[in-house]
Amino acid sequence: MTAYSEQTARLWMAMDIGPYWIGRDDDDPLSPAAIAREEEKSKLQISSQTVRQEELSGQVQVVSTVPERKPHEHTVLTSPESHKPKSYELKPIRRTFADPGIVEVDSELLTQAQSADWETLKKLVAQCTACKALSQSRLSTVFGTAERTAKMVIVGEAPGRDEDLQGKPFVGKSGELLENILCALGLHRGKDVAIINVLKCRPPNNRDPHDNEIAACATFLTRQLELLDPKVVVLSGRIAAHSLLKTELSTGKLRAQTHSLVINGRPVPTVVTYHPSYLLRSPTEKIAAWRDFSLAKKLLLELK
Ligand code: SF4
């Protein structure tokens, strides 16, 4: 007997192709013996019919005693017909696009973005098609949420599937986790904390953003930070840390210390931590993230 691993079973399920189970007490319905049996049954059915063939002016007439089927009756196919592959209704699927990371920036739009207010900036982002693959495959641009009372800004990486669907950053499981961490620190999303992303559009299949896409979206991010004018910034995950601190050190090496970002001409204390989606995959790192957010809160209190 073939032993299928759990991994194989999951792969089959993920691909929607199996597993195909056959009862061990019965023959395999596709085995030669089972097919021969079914053929024998078909022959018996045919012999129960009275078939008279007459040649009438070169035509063959078939007369059968099998009662005519009424229009509402269905044909039930017997084996081996019943073992033919099922036909499935075709459903629309999401289009996929070639993803070479082509970027063509609109200089005029970016110039407007440099001095735009929050609402105008949001509209400019919605119009932006600089990253060809991202703008073609996105369902929405994810601009970010902010209240003017927010003193802390969290910068994440890019929208994922849930964010793309809802048009909001950090929703779904990772959003819940982030909100729980903030809540435990007595901070509230919106009122105390604004959340934005490095990229405003979802990279296809959640791949890492390309450098040229990060560069194309940097004008929007910079303007958002200027408008929010935070007291403390938290960079959530590798992409945010690398984009804004211009380093390639790992999140593990960058966290647990205070960095500095210049926003509106003044240095703003900045903390690096793990992205919540990473914490969901590596729950043992939650304690490290808790320490990083505690550091950010301490910096915030010191600056009040
Ligand atoms: Fe434009 Fe940014 Fe979206 Fe790229 S990611 S298309 S730069 S809004």
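Which residue in β5 does V155 stand opposite? In this predicted model, the residue facing V155 is L235. The two strands concerned are β3, covering residues 152-156, and β5, covering residues 232-236, and they pair in the parallel sense over four bridges. Strands of a sheet pair through backbone hydrogen bonds, either parallel or antiparallel.

The pair belongs to a wider arrangement. Five strands form an open sheet in the order β4-β3-β5-β7-β6, and the pairing across it is mixed. Its edges are β4 (193-197) and β6 (258-263), each of which pairs on one side only. From one strand to the next, the twist averages 30°. Helix α8, residues 211-228, packs on this sheet and touches β3, β4 and β6. The direction of α8 makes about 170° with that of β4.

The nonpolar interior can be read next. The largest nonpolar core has 41 residues, and α8 gives the most to this core, with seven residues. V155 and L235, the facing residues of β3 and β5, are among those with the most contacts inside the core, as are V153, I196, F220, L225 and V233.

F220 lies within the span of α8. Leaving aside its neighbours within four places in sequence, F220 is in contact with L109, L110, A113, L121, L124, V125, C128 and K200. A second core of 23 residues is separate from the largest one, and includes L182, I195, L279 and L299. Within the span of edge strand β4 (193-197), I195 belongs to this second core, whereas I196 belongs to the largest core.

Methods:
Residues are numbered from 1 along each chain as its sequence is written. This is a predicted model: local features need pLDDT of at least 70, side-chain atom pairs count only at pLDDT 80 or more; totals for chains, interfaces and linings use all residues. Side-chain values use heavy atoms; hydrogens and water are left out. Two strands pair if DSSP finds at least two bridges between them. Axes are lines fitted to C-alpha atoms, for helices over the stretch in contact, and angles run from 0 to 180 degrees between N-to-C directions. Contact means heavy atoms within 4.5 Å. A nonpolar core is a set of buried Ala, Val, Leu, Ile, Met, Phe, Trp, Tyr and Cys residues joined through side-chain atoms within 4.5 Å. Buried means under 20% relative accessible area, exposed over 50%, partly exposed in between (1.4 Å probe, protein chains only).
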